[in-house]
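Please go through the structure shown below with attention to its helices, its interior and its surface. The briefing that follows takes these topics in turn.

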Amino acid sequence: MISTMQGVLGLASGALVGFSLGLVGGGGSILAVPLMVYVVGVSDAHVAIGTSAIAVAANAAINLSNHARGGTVRWSCALPFAAAGMAGAFAGSIFGKLLDGQRLLALFALLMLVIAILMLKTRSRAGLPDVQINRDNMPAIVGLGLATGTLSGFFGIGGGFLIVPALMLATGMSIMSAVSSSLVAVTAFGLTTAASYAWSGLISWELAGLFIAGGVVGGLIGTRSARLLSVRHGALNIVFAAVIIVVALYMLARNLSLS
């Protein structure tokens, strides 16, 4: 059972997670896990990871429907990317439950900083319209899907911060299409990771429900903000990179304080 204050904090935290997913297609679990541990007060880190996985998957699915209505989801690329990643997410989640990932989290944060720099360098690139899967980009879509899925499962994250640039790299699509399409994989990866943690009894279903409820409101605001930013040349890339940098620095600071 959770207290009334924990319930209120869970709703507010879920709204923040939903907003991040709607805006940049990422940040869900990376935000949800520390919010559950340090704000809501979940004492077991593995329960926080498992609960965040199911909450983020549900919020990503809701945000996906919002983006799909805007016609920006590239389904032919997103579905095989997600399918390949689900296998990686399942394997990654098994190892994630067995290992202490503090050092690897630091490396992951450094990788995020590299991605942020690349996103800023390519912010003027418009991206290709109406991208479809073909023989040329299929190997990259499947290979990068498998790689990002493995990292997602290991760290217990939705993986949006990796999926968005991976989709752009594999297909050349615009960032708005990548943000929208990434939610297919975030949903699939989150459900795969959540199933593994649920099997081990590491999910607080009551808290997950509160996170999902808060995420509905936050997701609507985030999706609308993403559409507004997408019409301003390079603005969404800058916001995406800024969010990555803030989260990566936070992860590095947490790791250094624990070392």
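At 1.5 Å a residue, the 18 residues of helix H6 (residues 138-155) should span 26 Å, and the end C-alpha atoms of H6 are 26 Å apart, which agrees; the expected span is 1.5 Å times one less than the number of residues in the helix. The model is predicted, so that local features need pLDDT of at least 70 and side-chain atom pairs count only at pLDDT 80 or more, while totals for chains, interfaces and linings use all residues. Residues are numbered from 1 along each chain as its sequence is written, and side-chain values use heavy atoms, with hydrogens and water left out.

**Overall make-up**
- The protein has 10 helices and 0 strands, where helices (H or I, at least four residues) and strands (E, at least two) are DSSP runs numbered from the N terminus.
- Buried residues, meaning those under 20% relative accessible area with a 1.4 Å probe and protein chains only, make up 53% of the 259 residues.
- Of the contacts with a separation of 6 or more, 85% are between residues 24 or more positions apart, contact meaning heavy atoms within 4.5 Å.

**Helices H6 and H7**
- In H6, the buried residues are Ile141, Gly145, Thr148, Gly149, Ser152, Gly153, Phe154 and Phe155.
- For the 12 residues of helix H7 (residues 160-171), a rise of 1.5 Å a residue predicts a span of 16 Å, and the end C-alpha atoms are 16 Å apart, which agrees.
- Because 11 of its 12 residues are buried, H7 is largely enclosed by the rest of the structure; among these buried residues are Phe161, Pro165 and Met168.
- After H7 comes glycine 172, with a positive phi near 80°.

**Nonpolar core**
- The largest nonpolar core, a set of buried Ala, Val, Leu, Ile, Met, Phe, Trp, Tyr and Cys residues joined through side-chain atoms within 4.5 Å, has 73 residues, and those with the most contacts inside it are Phe81, Met112, Phe161 and Phe211.
- Helix H8 (residues 175-199) gives the most to this core, with 12 residues.
- Beyond its neighbours within four places in sequence, phenylalanine 211 is in contact with residues including Gly10, Val17, Met36 and Asn59.

**Surface**
- The protein exposes about 11300 Å² by the Shrake-Rupley method with a 1.4 Å probe, and carbon and sulfur atoms supply 71% of this area.
- Isoleucine 94 lies in helix H4 (residues 75-98), and at 35% relative accessibility isoleucine 94 counts as partly exposed, the class between 20% and 50%.
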